[in-house]
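Subject: Structure for you, with notes

Hello,

Here is the structure I promised to pass on. My notes follow below it.

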Amino acid sequence: MCRLFAMSSAPLRVHATFWLLEAPDSLSVQSRRDPDGTGLGFFDPAGEPQVHKAPIAAYRDRAFAQDARQAESATFVAHVRYASTGGLQDRNTHPFLQQGRLFAHNGVIEGLDRLEAHLGDDLSLVHGETDSERFFALITRETRAHGGDVAAGIEHAARWVAENLPVFALNLVLITPGDLWALRYPDTHELYVLERGAGGRHGDRHLDHCGTGGRLRVHSQDLARAPAAVVASERLDDHPDWRLLRPGELLHVGPGLHPAARIVLPHPPAHRLTLADLRPQAAASQSAV
């Protein structure tokens, strides 16, 4: 399934090196397990968003995915995509950028014709075919409608989707130059948060996280001396303080790393989908591998 990763050390800028898809090729499983896109987003010293992403398929060169990408930022987002909607093109690869914010999503939303009608003129924010980018456009519109309050934008957008559209999962991460938000909804997929003190569990260690099968690895020597908050689709090490977000929980990590969380969606989706309800491609994208 898609993998989400986000990190904040705000207001401190740190160097981090990302390896996307470090796992070696295996011809026997390429067609089933190779991802459909990898992406990394962060902000430069001027606060301008930077996005490095590419669609990767079993028949294409994996050099992009295997190369280390080093960046400096106070916030980061990374995503490994298994396509459920939209072709294997840059415009369908996470993270997405809208109005200075970066966003990645893991899940499936159906009824996109109804979502597009609801977006109206704000459909112009969308450049690809994915449900994720359309959901992001709704968050962007609701954020604008609530005076720039991103948490309110996420809450109102996710609630409208949960009440009106068939939903499998809405797990998301969203970053600005100094803030990180994460939502887990409903309980379909896991999403964890770690509040990591400087030096980690032992007080003197750099950050070196690696996901299942080496599909995503991130290293930061700077975090031997600086604290951070990390959000990921899975526990990335044996640190005892990883916490699973509750279904419907919206997390906000602002400058100074004081996470605040609350349940914004206490009820399950009105039209909850199961794997059996999904098209084969979408079901494959949401299955654990």
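Start with Y185. Leaving aside neighbours within four places in sequence, Y185 is in contact with A162, A169, L170, N171, G248, L265, H267, P268 and P269. Its place is in the loop between strand 11 and strand 12 (192-196). Is Y185 buried or exposed? Y185 has a relative accessibility of 2%, so it counts as buried; the cut-off for buried is under 20%. V167 is 18 residues away from Y185 along the chain, and their C-alpha atoms are separated by 9.5 Å. Please keep in mind that this is a predicted model.

A46 makes a useful contrast. A46 also sits in a loop, between strand 3 (37-43) and strand 4 (49-54). Its relative accessibility is 65%, so A46 counts as exposed; the cut-off there is over 50%. A46 and P177 are 131 residues apart along the chain. Their C-alpha atoms are separated by 9.3 Å.

Now the whole chain. The protein has six helices and 19 strands. Of its 289 residues, 57% are buried. Take the contacts between residues at least 6 apart in sequence: 71% of them join residues at least 24 apart.

Next, the open sheet. It has six strands, in the order 7-8-10-11-17-18, and the pairing is antiparallel. Which strands stand at the edges? They are strand 7 (96-98) and strand 18 (260-263). Each has a single partner strand, so one side of each is left without a neighbour in the sheet. From one strand to the next, the twist averages 20 degrees.

Some pairings within that sheet:

- Strand 8 (residues 101-106) pairs with strand 10 (residues 171-175) in the antiparallel sense, over five bridges. A104 has V173 in strand 10 as its bridge partner.
- Strand 11 and strand 17 are also antiparallel, with five bridges. Here L180 has V253 in strand 17 as its bridge partner.
- Strand 17 and strand 18 pair antiparallel over four bridges. L251 stands opposite A261 in strand 18.

Strand 17 and strand 18 form a hairpin, with six residues between them. In the turn, G256 has a positive phi of about 95 degrees. Strand 17 itself is mostly covered, with four of its five residues buried.

Two helices pack on strands of this sheet. Coming back to strand 8 and strand 10, which pair over five bridges, helix 4 (residues 131-145) packs on the sheet and touches both of them, as well as strand 7. The direction of helix 4 makes about 135 degrees with that of strand 8. Helix 5 (residues 150-164) packs on the sheet too, touching strand 8, strand 10, strand 11 (180-184), strand 17 (249-253) and strand 18. The direction of helix 5 makes about 20 degrees with that of strand 11.

Helix 4 also has a helix partner. Helix 3 (residues 112-119) packs with helix 4 at an angle of about 30 degrees, and their axes are 10 Å apart. That angle makes helix 3 roughly parallel to helix 4. The crossing of the two is left-handed. Which residues meet there? From helix 3 come L112, L115, E116, H118 and L119. From helix 4 come D131, R134, F135, A137, L138 and R141. These contact residues divide into six nonpolar, one polar and four charged.

Last, strand 15 (residues 228-232). Five of its five residues are buried, so strand 15 is largely enclosed by the rest of the structure. In a regular strand, side chains alternate between the two faces of the sheet. In strand 15, A228, V230 and A232 point one way, A229 and V231 point the other way, and all are buried.

Strand 15 pairs with strand 1 (residues 3-8) and with strand 12. Strand 1 and strand 15 run antiparallel, joined by four bridges. Strand 12 and strand 15 pair in the antiparallel sense over five bridges. What stands opposite S8 in strand 15? It is A229. A229 is also the bridge partner of E195.

Best wishes

How values were computed:
Residues numbered from 1 in each chain as written. Predicted model: local features only at pLDDT ≥ 70, side-chain atom pairs only at ≥ 80, totals over all residues. Heavy atoms only, no water. Pairing = 2+ DSSP bridges. Axes fitted to C-alpha atoms, helices over the stretch in contact; angles between N-to-C directions. Contact = heavy atoms within 4.5 Å. Parallel < 35°, antiparallel > 145°, perpendicular 65-115°, else oblique. Left-handed = near helix turned anticlockwise from the far one by under 90°. Nonpolar A, V, L, I, M, F, W, Y, C, P; charged D, E, K, R; others polar. Buried < 20%, exposed > 50% of the residue type's maximum accessible area, 1.4 Å probe, protein only.
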